[in-house]
Amino acid sequence: MTTNILFAAGAARWDDWAPPLRAALDRAGLAYELAQEMPSEKVDYIVYAPDSPLRDFTPYGRCKAVLNIWAGVEAIVGNKTLTQPLARMVGGGLTEGMVEWVLGHALRHHLGMDAHIANPEHRWHPVAPPLASERRVTVLGLGALGSAVAEKLAGLGFDVTGWSRRPKKITGLRTQHGVEGLTKALKGAEILVLLLPDTPATENILNAETLALPAPGAFVINPGRGALIDDSALLAALDSGQVAHATLDVFRVEPLPTDHPFWTHPGVTVTPHVASETRAPQGAEVIAENILRGEAGQPFLHLVDRQAGY
Ligand code: NDP
């Protein structure tokens, strides 16, 4: 029997993804058809990205799973026509990329690099930065990405606290969880990293009230999602000095509108949603593994909890 796989993750990604997907499926010896178009009633799996034009899953009655090539699912998780299991991307190069991006931006602020990179007045200010062990870092979100980031930061010696929805133990860091743990996690943080998904429960998690909890002059690094932050509250915290600098990779509207105050605020670094992305060669392995699991009657990996929204 042939397994029919519809690639609906965007025509622009086909050339990158088709060869490694075929290679991974060939290695497994699966008889399959992989195409960008096929009759809906034939489709067994849909390889998907939330920016795909495919929004109505009703005709795909035989489809066993929708396999998302992104980690974030907020744009698809609420789709009422999607009754098939939905898996998201874990691995696929995403974790390594995110660890590198966050570590780079955290070290920039920790070491005070900006003062030396741009020093037009040639100020000689010989103050050594603190050690990582003297810097309190809080990571909100301890999933695939947040836990990897928190562990690497702790490995460099940072004093790391992590926060998640459910209790979690990770060697080398303090952990807090749930609504009641948020205040403890934020209190006194000097660098705050946001790696939460965008759900109704996480929207505006950084607001006027919670932004008052970190240490004065804290640094905010957000590669999670734009909706995690109340933009006006962050701008006010930057203006008051409560937040010294915000490095933002994700925004409520992307591309960030040219007239958004983040572009011109001296305390904000804007990066254009580049913190990490799924790399086709590694991502194809993850997708192929899930298809093989489905065909072998094993449970899918990385299934989205539709109730929780991530
Ligand atoms: P996961 O689903 O693996 O982890 C999510 C984490 O957030 C979990 O620890 C979860 O807690 C926690 N969480 C969720 N809801 C709450 C809540 N209400 N209160 C407290 N904690 C909560 O996601 P990933 O680590 O794979 O990805 C995180 C996000 O990163 C993605 O959703 C996406 O938005 C973003 N991303 C951004 C990229 C970029 O380039 N900028 C690239 C890839 C991803 P628990 O452990 O208890 O479930």
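These are short exercises with worked solutions on a predicted model of a protein.

**Exercise 1. Overall form**

Determine how the protein's radius of gyration compares with the globule rule, and give its secondary structure.

*Solution.*
Step 1. Count the elements. The protein has 7 helices and 12 strands.
Step 2. Compare the radius of gyration with the rule. The value is 21 Å, and the globule rule gives 19 Å for 310 residues. The two are close, so the protein is as compact as a globular protein of that length.
Step 3. Add the extents. Along the principal axes, the C-alpha trace spans about 70 × 40 × 35 Å.
Step 4. Check the contacts. Take those between residues at least 6 apart in sequence; 62% of them join residues at least 24 apart.

**Exercise 2. Surface and charge**

State what share of the residues is buried, then describe the surface and the charged side chains.

*Solution.*
Step 1. Of the 310 residues, 52% count as buried.
Step 2. The accessible surface is about 14,900 Å². Carbon and sulfur atoms account for 56% of that area.
Step 3. Count charges. There are 26 positive and 33 negative side chains. The centres of these two sets are 7 Å apart.

**Exercise 3. Two polar side chains**

Classify threonine 161 and aspartate 44 as buried or exposed, and find the polar partners of their side chains.

*Solution.*
Step 1. Place threonine 161. It sits in strand 7, residues 159-164.
Step 2. Apply the cut-off. Buried means under 20% relative accessible area. Threonine 161 has 6% relative accessibility, so it counts as buried.
Step 3. Find its polar partner. The side chain of threonine 161 makes a polar contact of 3.3 Å with the side chain of arginine 174. Arg174 also appears among the residues that threonine 161 touches, including Val137, Val139 and Gln176.
Step 4. Place aspartate 44. It belongs to the loop between strand 2 (32-35) and strand 3 (45-48).
Step 5. Apply the cut-off again. Aspartate 44 has a relative accessible area of 4%, so it is buried.
Step 6. List its polar partners. Its side chain reaches the backbone nitrogen of asparagine 4 at 2.7 Å. The side chains of aspartate 44 and arginine 62 are joined by a polar contact of 2.8 Å.
Step 7. Widen the view. Residues touching aspartate 44 include Thr2, Thr3, Cys63 and Lys64.

**Exercise 4. Backbone geometry**

Identify which peptide bond is cis, and give phi for asparagine 204 and histidine 302.

*Solution.*
Step 1. Recall the background. Most residues other than glycine have a negative phi, and most peptide bonds are trans.
Step 2. Find the cis bond. The bond from glutamate 254 to proline 255 is cis, with omega near -5°. Proline 255 is in the loop between strand 11 (243-248) and strand 12 (268-270).
Step 3. Take asparagine 204. Its phi is near 55°, a positive value in a residue other than glycine. Asparagine 204 is in the loop between strand 9 (191-194) and strand 10 (218-222). Its relative accessibility is 27%, so it counts as partly exposed.
Step 4. Take histidine 302. Its phi is positive, about 60°, and it is not a glycine. Histidine 302 lies in the segment after helix 7 (280-295). It is partly exposed, with a relative accessible area of 27%.

**Exercise 5. Sequence separation and distance in space**

For three residue pairs, set the separation along the chain beside the C-alpha distance.

*Solution.*
Step 1. Start with valine 220 and valine 193. They are 27 residues apart in sequence and 6.2 Å apart in space. Valine 220 is in strand 10. At 1% relative accessibility, valine 220 counts as buried. Its contacts include Leu192, Leu194, Ile229 and Val243.
Step 2. Turn to glycine 267 and alanine 288. They are 21 residues apart in sequence and 43 Å apart in space. Glycine 267 is in the loop between strand 11 and strand 12. Its 6% relative accessibility makes glycine 267 buried. Glycine 267 is in contact with Leu238, Ala244, His245 and Ala246, leaving aside its neighbours within four places in sequence.
Step 3. Finish with threonine 258 and cysteine 63. They are 195 residues apart along the chain, with 41 Å between their C-alpha atoms. Threonine 258 is in the loop between strand 11 and strand 12. It is exposed, at 78% relative accessible area.

Note on methods
Residues numbered from 1 in each chain as written. Predicted model: local features only at pLDDT ≥ 70, side-chain atom pairs only at ≥ 80, totals over all residues. Heavy atoms only, no water. Helix = DSSP H or I, 4+ residues; strand = E, 2+ residues; numbered from the N terminus. Rg over C-alpha atoms; globule rule 2.2 N^0.38 Å. Buried < 20%, exposed > 50% of the residue type's maximum accessible area, 1.4 Å probe, protein only. Contact = heavy atoms within 4.5 Å. Areas by Shrake-Rupley, 256 points an atom, 1.4 Å probe, with all protein chains shown as cover. Lys, Arg positive; Asp, Glu negative; His and termini not counted. Charge placed at Lys NZ, Arg CZ, Asp CG, Glu CD. Polar contact = N/O pair within 3.5 Å; in protein donor to acceptor, adjacent residues only side chain to side chain.
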